[in-house]
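Work through the exercises below with the sequence and the three-dimensional view side by side, and try each task before you read its solution.

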Amino acid sequence: MTRPNLVDSRRVAAALALAAATLALGACGGIQPWVKPYERDRLADPIMSWQRDAISGAYLDHVYDSREGSRGATGTAGGGCGCN
Amino acid sequence: MRRAPANFPVAAARRAAATLALLVGVAGAAVLPDDRADVFYSDYRGGGMDITGESVLVRKKFSEQFAVEGNYFVDKVSGASVDVLSNASVIRDERKQKSLSVEFIHDKTQYNLSYTQSAERDYISNTTHFSLSQDMFGDLTTVTLGFTDTRDKVGENDGTAFQPRVVWLGHATSRSYEAGISQILTKNLIAGATLEVITDQGYLANPYRSIRYLDPTNALGYSLASQVYPNTHTSTAVEGRIKYYLPWRAAASASYRYYSDTWGIRGNTVELDYTHPISNVWILEGRVRYYEQNQANFYADLYPFANAFNFEARDRNLAASTNQTIGLKATYAFLPDGWRVFKRGTVTADLSHVQFKYSDFRDIKDYKLPAFRPGTEPLYQYGANIYQIYLSMFY
């Protein structure tokens, strides 16, 4: 008997979840924004940006990526040099 | 130099794209951010290394729908880390990286295409990145999908720092698939999540790091040998984050990332940030970050004999470890009324301290026989200071 490939199973599960989420979002086409545009002044404040300075944010992520085993999901590609 | 897949230009380009996508999400309508020019300097000091970075970024809108961004980054490495043993030479190297990014907005969709080239004498990397972001649900939600293709040429300097002789060892390719969402939850709260899967293939080891195995014939009690890595690697990372606007005009944010890969590494990252403006002149920020990971399943600090396993690694990036960061950042705004073509400017200073600690990687550079038998040396740990200062002019 062939053992199921866990990685493939996870990929399939992830793809199904993504498809379900897409369908769910599509079904919500008539949704009304519960935060009106004129109520977003605080969110538009620069202090609410996830990252105000692209070079600095990328640099710090690079510092970690080149010294840790983890990578990805931070908006950067990971990896790096100068890690000796 | 060292294992350098993907490299910083990719990071810069993709960070810019991600930042832009998030900004779009916050601002509501899809608009391109202001034109800006940045001059950046950084210095990393820790673990025997001194790495300085210099960068220039210019961003220009040619219409309300189209913008171009260019970035040039040079970093210079010097020092001798705990990995430099038998070669015993001080490392000196320089990496130059160029990236060009174009952004285009059509209705509520934003497209980003970037190309990055990074070159050092023993490592060449070329990266292409594409992403698109879509605003939906009354602009409360922004969904981003991204794809990155990286092609690297990996070499090793068999000469010295001053008389290099590079031997090319192989190639590596990497593909990244990314999906993200940014969601306004209330008028004070925004949340985001990102999923990224990266697959690598080819020469994936760092040629400058070695394994060691017990060897009674060697005066040290051990000998060094080349690492042998699998030639494939797939990782999955998921990050969730929230940011809250506090009643006294300040912001607090938290993020958590879970990482898993086919080499057996599991990692957890937690970060907390606090941002506090003072009038419209200063913005002060503080952050703490905690990271932990277990070791890769083919990693060992000391192997029992030569060629003990098919795959062997002693790269400390693959060792079980933790690190903690504390960071402070201050931004000063000037020219509030503008000057000539400039609308405003900011100067930012950022200082971070990181404490690294390994639980199965030993310091064999500073501790040897007869005081320490192989495998009994103290575990390696070190602190690093990261300095950044940069000028940003908006126009």
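Helices and strands are here DSSP runs, a helix being H or I over at least four residues and a strand E over at least two, and both are numbered from the N terminus. The model is predicted, so that local features need pLDDT of at least 70 and side-chain atom pairs count only at pLDDT 80 or more, while totals for chains, interfaces and linings use all residues. Residues are numbered from 1 along each chain as its sequence is written, and chains are lettered from A and ligands numbered from 1 in the order in which they are written.

**Exercise 1.** Find the place of A:Gln32 in chain A, and decide why A:Gln32 counts as buried or exposed.

*Solution.* Begin with the position: A:Gln32 belongs to the loop between α1 (6-27) and α2 (54-65) of chain A. Next, recall the cut-offs, by which a residue is buried if 20 or more other C-beta atoms lie within 10 Å of its own, exposed if 12 or fewer, and partly exposed in between, with C-beta atoms placed from the backbone. A:Gln32 is exposed because 8 other C-beta atoms lie within 10 Å. Finally, look along the chain to A:Val63, which is 31 residues apart from A:Gln32, and find that their C-alpha atoms are separated by 42 Å.

**Exercise 2.** Describe the secondary structure of chain A, and then work out how many residues of α2(A) are buried.

*Solution.* Chain A comes to two helices and zero strands, and 45% of its 84 residues count as buried. Turning to α2(A), its twelve residues reach 16 Å from the first C-alpha to the last, close to the 16 Å expected at 1.5 Å a residue, where the expected span is 1.5 Å times one less than the number of residues. Twelve of the twelve residues of α2(A) are buried, so this helix is largely enclosed by the rest of the structure; among them are A:Ala54, A:Tyr59 and A:Val63.

**Exercise 3.** Trace the pairing of β8(B) with β7(B) and with β9(B).

*Solution.* Two strands pair if DSSP finds at least two bridges between them. Strand β7 (residues 141-157) and strand β8 (residues 166-186) of chain B run antiparallel and are joined by 17 bridges, and one pair to locate is B:Asp149 with its bridge partner B:Arg175 in β8(B). On going further, β8(B) pairs with strand β9 (residues 189-202) of chain B over 14 bridges, again in the antiparallel sense, and B:Ile184 stands opposite B:Ile190 in β9(B). These two strands, β8(B) and β9(B), form a hairpin with two residues between them.

**Exercise 4.** Compare B:Asp139 and B:Asn307 by phi, by loop and by burial.

*Solution.* Neither residue is a glycine, yet phi is positive in both, at about 65° for B:Asp139 and near 55° for B:Asn307. B:Asp139 lies in the loop between β6 (123-136) and β7 of chain B, whereas B:Asn307 is found in the loop between β15 (282-293) and β16 (321-334) of chain B. B:Asp139 counts as buried because 20 C-beta neighbours lie inside 10 Å, while B:Asn307 counts as exposed because 11 do.

**Exercise 5.** Which two residues does a cis peptide bond join in chain B?

*Solution.* The bond joins B:Leu369 and B:Pro370, with omega about 5°. B:Pro370 lies in the loop between β17 (344-362) and β18 (379-394) of chain B, and those strands run antiparallel, joined by 15 bridges.
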